[in-house]
Structure formats: structure tokens, C-alpha cells
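Please examine the structure shown below. The paragraphs that follow lead through a few of its residues in turn.

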Amino acid sequence: MDEDAARVGLLALRAEALTRLADLGISRDDVVQASQGANIDDEHDPEGSTIAYERALLEALAASARARIADADAALERLTAGTYGICEVCGEPIGAERLAARPIASRCLQHS
């Protein structure tokens, strides 16, 4: 894969994850704001999910977005260092198909 194309792809992936993280923060704020002042017992509401569940779900999604950002940053560092596309375990090239499918990959299929 061309280095410039890889950088553009990784930066796009990172930007997408940052946008997702920002959107999740807004969603969490909406959940918190909606629950304030409400005198409901959502822990025993048979009609739907609890506020605690919704908060936990949003936090899990945010953690996933933060991990995606960290993975993209690590891949960008490998690109700068000249080790992008090289398996960190065996030192062999990571297949172009794998990098196309998973641009943040740091290991070949054999070592993933």
C-alpha cells in the first residue's frame, strides 16, 4: 500500500472515531439530562432499559472509539517509523488484503 494512501486512510479512520466519540458524549449528556428531575424508578421499570444500562452502553461504545483512536495513532507512528505493514511478531510483511481490511493491523494473519 502506498504510504500516502495509508496515511490518508488512517487519518480518516481516526477522524471518524473522534466524531463518534464526540457524538457519544452528546448522547450521554442527553441521557443524564433526561433523567434529571424525573421521579422514576427505572431500575424496576419493566417497559424498557434502565438509565444505568444506557449509560454503561454509551461508555462501552466510547471506550471502543477511544481504543480505535489509539490504534490509529499507533499505526500512524509505525508509518512514520517505517514499520507500518510489518508484523510485529515475525517481521514479515502484512498482506495487502489484511491492511486493506484492517489498516490498523500490526500483525500478520498468522500472528493475529
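Is Cys90 buried, exposed or partly exposed, and what is its relative accessible area? The model at hand is a predicted one, and in it Cys90 has a relative accessible area of 34%. Because the partly exposed class lies between 20% and 50%, Cys90 counts as partly exposed. As for its place in the chain, Cys90 belongs to the loop that runs between H2 and H3.

The surroundings of Cys90 bring in residues from further along the chain. When residues up to four places away in sequence are not counted, Cys90 touches Cys108 and His111. Arg107 is 17 residues apart from Cys90 along the chain, and the C-alpha atoms of the two are separated by 8.3 Å.

Arg107 and Cys108 appear again in the contacts of Arg98. This arginine is part of helix H3, which spans residues 96-101. With neighbours within four places in sequence left aside, Arg98 is in contact with Ala105, Arg107, Cys108, Leu109 and Ser112. Arg98 is buried and yet has no salt bridge. The nearest side chain of opposite charge belongs to Glu88, at 9.1 Å from Arg98.

The last stop is helix H2, made up of residues 51-81, in which Leu57 lies. Leu57 is partly exposed, and its relative accessible area is 41%. Together with Tyr53 and Leu61, Leu57 forms a nonpolar patch on the surface. The accessible area of these three residues together is about 270 Å². Leu57 can join such a patch because its relative accessible area of 41% meets the requirement of over 30%.

How values were computed. Residues are numbered from 1 along each chain as its sequence is written. This is a predicted model: local features need pLDDT of at least 70, side-chain atom pairs count only at pLDDT 80 or more; totals for chains, interfaces and linings use all residues. Side-chain values use heavy atoms; hydrogens and water are left out. Patches are made of residues with over 30% relative accessible area and no salt bridge: like charges are joined within 9 Å, nonpolar side chains (Val, Leu, Ile, Met, Phe, Trp, Tyr) within 5 Å. Accessible areas come from the Shrake-Rupley method with a 1.4 Å probe; for residues, only the protein chains shown count as cover. A salt bridge is a side-chain nitrogen of Lys or Arg within 4 Å of a carboxyl oxygen of Asp or Glu. Helices (H or I, at least four residues) and strands (E, at least two) are DSSP runs, numbered from the N terminus. Buried means under 20% relative accessible area, exposed over 50%, partly exposed in between (1.4 Å probe, protein chains only). Lys and Arg count as positive and Asp and Glu as negative; His and the chain ends are not counted. Contact means heavy atoms within 4.5 Å.
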